[in-house]
Amino acid sequence: MAVVNAADKNPTVLRQLRYGNVERVLQVLRRQGPSSRADVATATGLSRTTLSGIVGQLLADGVVTEEPAGPPSGRGRPVHRLTLNPRSAQAIGIEVGRERITVAIANAAHEVTAFAGTHHAQRSGAREQAGAALELLRELAAREGIDLAGLGGVGIGTPGPGDTTGGPGDATGGPEDTTRGPADTTGATSPAAGVPRHRQTVADAVAEALDVPVLADNNTRLAALGEAIWGAARGAGDALHLTLSYGIGGGLVAGGLLFRGAQGAAGELGHISVDVDGPRCWCGGHGCLEQVAAVPALLRAAGRRSWGRFTQALAAGGETERAAVERAALAVGRALAAASSTANPRRIVLGGEVAELGPVFLGPVEDAFRRYTATRVQHGVELVPAALGERSGALGALALVFHESPLLAGYATAAAAAPEESAGEAATHAS
Ligand SMILES: [Zn+2]
């Protein structure tokens, strides 16, 4: 698309400037609904020439349409109004998770208009996974009649630490964290950039194929952002998120924004030490929560080989399984108590396979949490199960584009008006 031109001499700065003006125009249309060019010029303060160029491009890309508002009044020409085109994609969210690829599409009105997910072979490489994500995206767009010509940005979530900002000819490194989790089975960390090589490869492949800026981050943190905007932590503003799966990931949302910390590792609740004599963890710490409460730890404790067998045995009243779950719940409750004393969240969201065990796990987590948390901190905090399921990562990746990209300056205010219906609509498109 013309707004983002990789051939520009100083692409990043020009993109930001131009994108800023384009975004101001779109913001007016989001807030005011269909508007005349004169109304948009007044609201944005843009010159006629600048506005004319922007509107011309938005019309060419199909992002907006322009129609007569009604029959001409008096002798003048009929007033035309600019309207956001609901069938034009402005942002894409992609999660390339441990087993699944999910894609969400949103239009310039910030409505999530389509969602799809598929399994991928765990052993496929980053390039193959990026290809599968792009194929899924194109199929989805074709099926739903969505035009990708006006696309402004893509957010991507993958396992592993750090974040990534990139685009056509604009790949920059993230924080200097060179650790890598066991969940990151498909790629190694690039010590030079400090970003998991797998994530960088996926981001580069998508940026190249779609010719738009790409932002990428840890998928669990994006899930935290998705839940904060559209899911179980909606309206909470300050929330902790914990995904208990084959690893344990977390996210901290403060004032509605994802909190990253100095090295992009904020919210790594899975690596709070809960056992001073515990085994060394891959992260470099000892006795981490992940070593006690993630799926592999529960399987080890109960001598089971698969999660299916574990849950069956638990449902059948297995004492060993129940003891393992209660031990994990105690550790999770204590870790959440410690984290809550630091972050003072309004809501704590628990997702992933272990949380999906339901009351048998969540009950003892809540008991332990209340026992180990200061009265003042626990007053008014709720523990709730995650609400978006497999959609959370892709929705969070969308939010990353809307909410957090420096390329989309001005979105912060608009994101407060994130579509109420979108999560529900996304559900209807789930496949
Ligand atoms: Zn650890």
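These legends go with a set of close-up views of a predicted model.

**View 1. Four side chains hold the zinc ion.** Look for His271, which uses ND1, and for Cys281, Cys283 and Cys288, which each use SG; they coordinate the zinc ion at 2.0 to 2.3 Å. The angles subtended by the 4 donor atoms run from 106 to 117 degrees, so the arrangement is tetrahedral. If you want to pick the donors out of the chain, the spacing to look for is H-x9-C-x1-C-x4-C. His271 and Cys288 both sit in the loop between strand E11 (257-258) and helix H7 (290-293), so this pair ties together parts that are 17 residues apart in sequence. How buried are these two? His271 has a relative accessible area of 19%, and since buried means under 20%, His271 makes the cut. Cys288 is buried too, at 1% relative accessibility.

**View 2. The largest nonpolar core and its best-connected members.** This core has 38 residues, and the ones touching the most other members are Leu244, Val332, Leu336, Leu350 and Phe361. Which elements chip in two or more residues? They are strands E9 (239-244), E10 (248-254) and E12 (347-351), together with helices H7, H8 (295-302), H9 (307-315), H10 (319-343) and H11 (359-372). H10 supplies the largest share of this core, with 10 residues.

**View 3. Phe361 and its contacts.** Skip the neighbours within four places in sequence, and Phe361 is in contact with Leu244, Val325, Ala328, Ala329, Val332, Val354 and Ala355. Elsewhere there is a second, separate core of 30 residues, whose members include Ile94, Val96, Leu134 and Ala141.

**View 4. Arg334 on helix H10.** Here we stay with H10, the helix that carries Arg334. Is Arg334 buried or partly exposed? With 41% relative accessibility, Arg334 counts as partly exposed. Its contacts, not counting residues up to four places away in sequence, are Val274, Ala368 and Tyr372. Another arginine to find in this view is Arg370: its C-alpha is 8.9 Å from that of Arg334, although 36 residues separate the two in sequence.

**View 5. Ser35, tucked into a loop.** Ser35 belongs to the loop that runs between helix H1 (11-32) and helix H2 (37-44). Its relative accessibility is 1%, so Ser35 counts as buried. Where does the side chain go? The Ser35 side chain reaches the backbone oxygen of Gly33, at 2.7 Å. Leaving out residues up to four places away in sequence, Ser35 touches Leu29, Val40, His80, Arg81 and Leu82.

**View 6. Two loop residues with positive phi.** Most residues other than glycine have a negative phi, so the backbone in this view is worth a look. Asp211 has a phi near 55 degrees, a positive value in a residue that isn't glycine. You'll find Asp211 in the loop between helix H5 (197-210) and strand E8 (214-218), and its 30% relative accessibility makes Asp211 partly exposed. What about Asn344? Its phi is near 50 degrees, again positive and again not a glycine. Asn344 is placed in the loop between H10 and E12. At 46% relative accessibility, Asn344 also counts as partly exposed.

Definitions and conventions:
Residues numbered from 1 in each chain as written. Predicted model: local features only at pLDDT ≥ 70, side-chain atom pairs only at ≥ 80, totals over all residues. Heavy atoms only, no water. Helix = DSSP H or I, 4+ residues; strand = E, 2+ residues; numbered from the N terminus. Buried < 20%, exposed > 50% of the residue type's maximum accessible area, 1.4 Å probe, protein only. Polar contact = N/O pair within 3.5 Å; in protein donor to acceptor, adjacent residues only side chain to side chain. Contact = heavy atoms within 4.5 Å. Donors = N, O, S within 2.8 Å, 3.2 Å for Na, K, Ca; no water. Tetrahedral: all angles 85-135°; square planar, octahedral: opposite > 155°, others 65-115°. Core = buried A, V, L, I, M, F, W, Y, C linked by side-chain atoms within 4.5 Å.
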